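Welcome, and thanks for opening the viewer. Please load the model below, colour it in a way you like, and follow along stop by stop.

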Amino acid sequence: MLLRLKQLAPLLVITIFVGAIWLLVRELKHYNIHDIRSAVVQIPAWRLWAAGGLTVLNYVLLIGYDYLAVRAIQHPLSLGKISLASFTGFVTSYNFGALLGGTSVRYRLYSAWGLTAMEILQLMLMLGTTYWVGVFALAGVVFLSHPFPIPASLHLPFSSVQPLGGILLAVAIVYASLTLIRKSPIRVKGIELRLPSTRMTLLQLAVSAGDLLLVAAIVYTLLAHNLTIGYGEFLGIFLMATVTVVLSHVPGGVGVFELVILTLVASPSSAKILAGLLVFRVIYYLIPLFFAVILMGLHELSLNRGLAQRTLQQANRWSAAIAPLILSWCTLLAGAVLLFSGATPIVTARLGHLQQTLPLPLVEISHFLGSLIGAALLVLSRGLQRRLDSAWWLITGLLSLGILVSLLKGFDFEEAILLGIILLALLLSRRQYYRKGTLIHDRFSLPWAATILSIVLCSLWLGLFAYRNIEYSHELWWAFTIKGDASRFMRGSIGAISVVMLFSFAKLTSAQRPQVHPPTTDELALVRQLVTASPVTSTRLALLADKSLLFNPQQTAFIMYGIQKRSWISLGDPIGPEAERSELVWQFRELVDLYDGWPVFYQIRPENLSIYLDQGLTILKLGEEARVPLTEFELSGGKRRKLRQAINHCEQAECEFTIIPREQVPAIIPELKRISDDWLQSKSTKEKGFSLGYFDETYLSQFPIAVVKQRGTIIAFTNILEGADKEELSADLMRYDQSAPPGVMEYLFVKLMLWGQTAGYTWFNFGMAPLSGIENRPLSPVWNRTANLIYRYGDHFYRFEGLRSYKEKFDPVWTPKYLAAPGGLALPQILRDLVALIGKTHTDSIRRSHDGPLG
């Protein structure tokens with residue numbers, strides 16, 4: 001249920017946004033775009049400078065949020081780093097929303113500076129608590145001391161904000177009292193949350209209240225000359241608008257904030273109020289965002305000039321992490337600016353110069369191209385966040401063209417300067433965009449798609465609002481005049497919508513299967529040498545040739561892996577000398593990162609866990625591997641009674657055990673194929689792959705085959721995997737005829753183990769029992785409890801307990817096997833990809849793919 005609500009949240013945001021825009025249209029139906037432009041020009045310059053000064057003061061005060069949160073978790077982070085996280089976090093959060101902005105930026109920065117995921121979670125909770133406690137306390141006091149009526153059109157249960165103020169103030173008092181009374185931490189599902197001290201709570205109230213008072217003062221400074229109410233009354237209206245914006249989750253509160261202010265202020269000069277609010281957004285939202293972009297560009301420039309010192313080298317860690325994120329948002333902003341510019345009339349003062357300087361066809365073409373470029377930047381901006389090389393090339397080209405068309409369509413030099421700044425920042429951060437891949441295959445999250453849709457809808461509303469006094473006619477589509485702004489808007493909007501729809505259609509219809517290189521003959525020859533020298537029998541699965549291979553530069557070690565969607569899954573640990581494993585894992589990790597994939601290591605051994613922990617991967621126990629010590633194996637004693645009965649029963653049925661040498665295997669392949677097909681048909685299943693052997697003539701011909709014959713006819717077989725130095729012996733592909741007597745496989749295994757014991761092998765490997773040996777305790781992680789539940793009750797789908805019980809008959813030593821992979825929200829998809837990769841039939845194998853590397 002919670003997952004479904006989370007998936008529907010972006011759709012709810014779009015609904016709120018569309019509703020707010022519709023209500024704004026009703027509120028401003030008596031005004032046009034020229035009234036709003038005129039109102040912007042009429043704002044006194046001293047008010048603009050005062051608003052700018054208060055904005056600087058407010059961003060300094062905002063550092064207090066992060067400072068208190070960091071000190072609350074007792075982390076010794078410097079004030080400079082805290083200030084940086086505060087500035088970038090709040091700027092991006094205000095412009096793009098908490099989900100796409102502040103949360104991700106803070107996580108990247110604080111994690112790079114050594115904070116754990118739990119500490120970051122506590123920090124984010126502290127930030128939210130500081131804000132909301134201040135809002136509740138300040139709103140409660142203001143609503144009680146300066147109450148104002150709530151319009152009946154909002155259909156709220158209160159006619160005045162006074163009762164609401166009492167409730168909010170009571171909540172703030174209860175929180176403050178709780179911090180005074182309760183000293184022990186609160187535990188929720190294993191997560192320990194400590195309440196701040198009373199002193200810290202009072203500081204929270206001071207910082208949050210000061211923040212809200214300052215922001216309200218900025219807005220009031222810009223609107224005061226058009227208002228008939230004082231600052232105290234306006235503060236209450238501002239608090240109502242702020243809370244509504246936060247609850248709506250609309251990025252930047254676009255439309256929602258303006259709607260609440262216009263509704264509650266009830267001024268006769270709605271156009272002037274809206275103009276002041278637009279100027280507020282420029283001063284408080286956009287200008288700080290430009291400073292963040294410039295800061296990133298200057299940092300990259302200093303590194304490229306070789307002037308970096310130790311401080312800059314440390315700063316590079318966070319800059320490399322957040323530069324693509326910030327620049328992707330800025331590209332999104334650039335696309336929005338181009339669309340909004342195309343939806344509004346050309347500035348009247350520039351019309352005369354435009355008419356005298358440029359031919360009309362050039363103006364028309366430039367205007368149309370500007371809308372197309374704006375739409376293209378919206379859909380391509382996601383590629384920058386994913387560090388795609390192709391996205392960088394396309395966006396830099398589009399920004400360059402966008403600068404030109406901005407000047408040609410109406411001398412919009414302000415717009416050209418904005419695009420130029422973003423272009424410069426992109427050029428300076430070129431090395432951050434190194435990943436291969438196509439933009440069509442780039443995944444779009446629902447929040448990102450919702451943001452693009454909101455911008456397009458906002459652009460359409462802006463154009464409809466600007467030209468609502470112009471009566472629609474079919475002739476408008478083909479009107480080409482220097483003053484034909486409405487016609488240009490209609491044509492540009494259709495072009496922009498077409499770009500978005502074509503991109504969406506291409507994504508829906510494009511194939512997204514990852515494709516990889518098959519191993520070459522030379523690679524397989526090298527692999528054969530390396531696995532022959534390995535004591536681990538599972539390494540022989542590389543000879544199936546259904547997996548990709550990654551060698552170290554010396555070609556003394558390799559990793560075999562498969563790709564399923566975004567998951568790059570290595571089968572087992574690196575194969576080769578122990579000294580080469582760690583570096584080869586890093587080499588694999590870098591290759592995966594080049595394509596923005598998830599590195600996954602399946603069935604790794606306990607002795608190598610430190611390698612993957614150094615990578616920052618999450619470790620999960622998959623199950624346990626059964627290995628029988630052959631030096632101690634015997635058939636005497638009561639515990640072996642059932643095995644002796646199986647052997648006697650098969651021998652009475654005239655069964656005999658034989659080892660077929662590798663050189664003689666091709667001659668019996670047709671007979672083995674008949675048995676394998678019969679076995680698959682009786683089990684109603686298909687061949688699987690990746691971590692399991694399947695029937696393949698080339699593969700089977702590389703091993704000796706253990707067979708059971710009945711009256712000279714083969715009725716069961718398995719290929720024998722032999723470890724180097726006779727460390728380990730194992731059976732891989734195991735099949736038997738339906739006419740075979742009961743217990744034939746026990747007979748085959750026992751005879752093979754006795755043969756291995758005589759030949760001097762140390763262990764017989766029965767393979768892994770999935771999900772076995774994973775304990776379920778009250779304090780166990782969610783994975784352990786889920787795995788244990790599946791193990792106990794999942795026999796309907798897979799014989800988990802039955803498989804372990806079967807192997808227990810041979811008294812094996814159980815050794816844990818693990819999965820190393822990125823944790824968090826990626827883990828469920830990784831597990832699905834793993835199951836899908838193993839479940840693929842060998843006809844889907846890599847040998848039939850010749851289309852190059854992952855696209």
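**Stop 1: a strand pair**

Select strands β7 and β13: they pair in the antiparallel sense over nine bridges. To see one of those partnerships, pick Leu 620, whose bridge partner in β13 is Leu 819. Keep in mind as you look around that this is a predicted model.

Now show the surroundings of β7, which spans residues 618-629. Of its 12 residues, 10 are buried, so the strand is largely enclosed by the rest of the structure.

**Stop 2: the loop before β13**

Step back along the chain to Asp 811, in the loop between α26 (800-808) and β13. Asp 811 is not a glycine, yet it has a positive phi of about 50°. Most residues other than glycine have a negative phi. With 30% relative accessibility, Asp 811 counts as partly exposed.

Another residue to select is Asp 725, in the loop between β10 (713-722) and β11 (728-736). Its phi is also positive, near 60°. Is Asp 725 buried or exposed? Asp 725 is exposed, with a relative accessible area of 77%.

**Stop 3: charges over rings**

Move on to Lys 726 and show its side chain together with Tyr 761. Lys 726 lies over the face of Tyr 761, at 5.8 Å from the ring centre.

Next, display Arg 627 and Trp 763. Here Arg 627 lies over the face of the Trp 763 ring, at 4.5 Å from its centre.

**Stop 4: two hairpins that share a strand**

Select residues 558-564, which make up strand β4. Seven of the seven residues are buried, so β4 is largely enclosed by the rest of the structure. Turn the side chains on: Phe 558, Met 560, Gly 562 and Gln 564 point one way, while Ile 559, Tyr 561 and Ile 563 point the other way.

Add strand β3, residues 548-551, which pairs with β4 in the antiparallel sense over four bridges. Leu 550 has Ile 559 as its bridge partner in β4. Between β3 and β4 there are six residues, and the two strands form a hairpin. Click on Gln 555 in that turn, where phi is positive at about 55°.

Then add strand β5, residues 567-571, which runs antiparallel to β4 and is joined to it by four bridges. Gln 564 finds its bridge partner, Ser 567, in β5. β4 and β5 also form a hairpin, with two residues between them. In its turn, Lys 565 has a positive phi of about 55°.

**Stop 5: aromatic company**

Stay with Tyr 561 of β4 and add Trp 568, Phe 588, Phe 601 and Tyr 612. Together these five residues form one aromatic cluster.

How many aromatic pairs does a search of the whole structure find? The search finds 18. One of them joins Tyr 65 and Phe 90, whose ring centres are 5.4 Å apart with the planes at 55°, so the pair is tilted. Tyr 65 lies in helix α3 (residues 45-72) and Phe 90 in helix α4 (residues 79-112), so the pair ties together parts that are 25 residues apart in sequence. Both residues are buried.

For an edge-to-face pair, select Trp 392 and Trp 393, with 5.0 Å from centre to centre and 90° between the planes. Trp 392 is buried, at a relative accessible area of 5%, whereas Trp 393 is exposed, at 54%.

**Stop 6: along helix α4**

Return to helix α4 and select Val 105. With 0% relative accessibility, Val 105 counts as buried. Add Thr 88: the two residues are 17 apart in sequence, and their C-alpha atoms are 7.1 Å apart in space.

**Stop 7: helices that cross**

Two packed helices are described by the angle between their axes and the distance between the axes. Show helix α13 (residues 360-385) and helix α14 (residues 389-408), which pack at an angle of about 150° with their axes 9 Å apart. The two helices are therefore roughly antiparallel to each other. Their crossing is left-handed.

Finish with helix α5 (residues 117-145) and helix α6 (residues 162-181), whose axes come within 7 Å and cross at roughly 140°. That makes α5 oblique to α6. The crossing of α5 and α6 is left-handed.

Notes
Residues are numbered from 1 along each chain as its sequence is written. This is a predicted model: local features need pLDDT of at least 70, side-chain atom pairs count only at pLDDT 80 or more; totals for chains, interfaces and linings use all residues. Side-chain values use heavy atoms; hydrogens and water are left out. Rings of Phe, Tyr and Trp (its six-membered ring) pair if their centres lie within 6.5 Å; planes under 30 degrees apart count as stacked, over 60 as edge-to-face and the rest as tilted. Buried means under 20% relative accessible area, exposed over 50%, partly exposed in between (1.4 Å probe, protein chains only). A charge sits over a ring if NZ of Lys or CZ of Arg is within 6 Å of the ring centre and within 35 degrees of the ring normal. Two strands pair if DSSP finds at least two bridges between them. Axes are lines fitted to C-alpha atoms, for helices over the stretch in contact, and angles run from 0 to 180 degrees between N-to-C directions. Angles under 35 degrees count as roughly parallel, over 145 as roughly antiparallel, 65 to 115 as roughly perpendicular and the rest as oblique. A crossing is left-handed if the near helix is turned anticlockwise from the far one by less than a right angle, and right-handed if clockwise.
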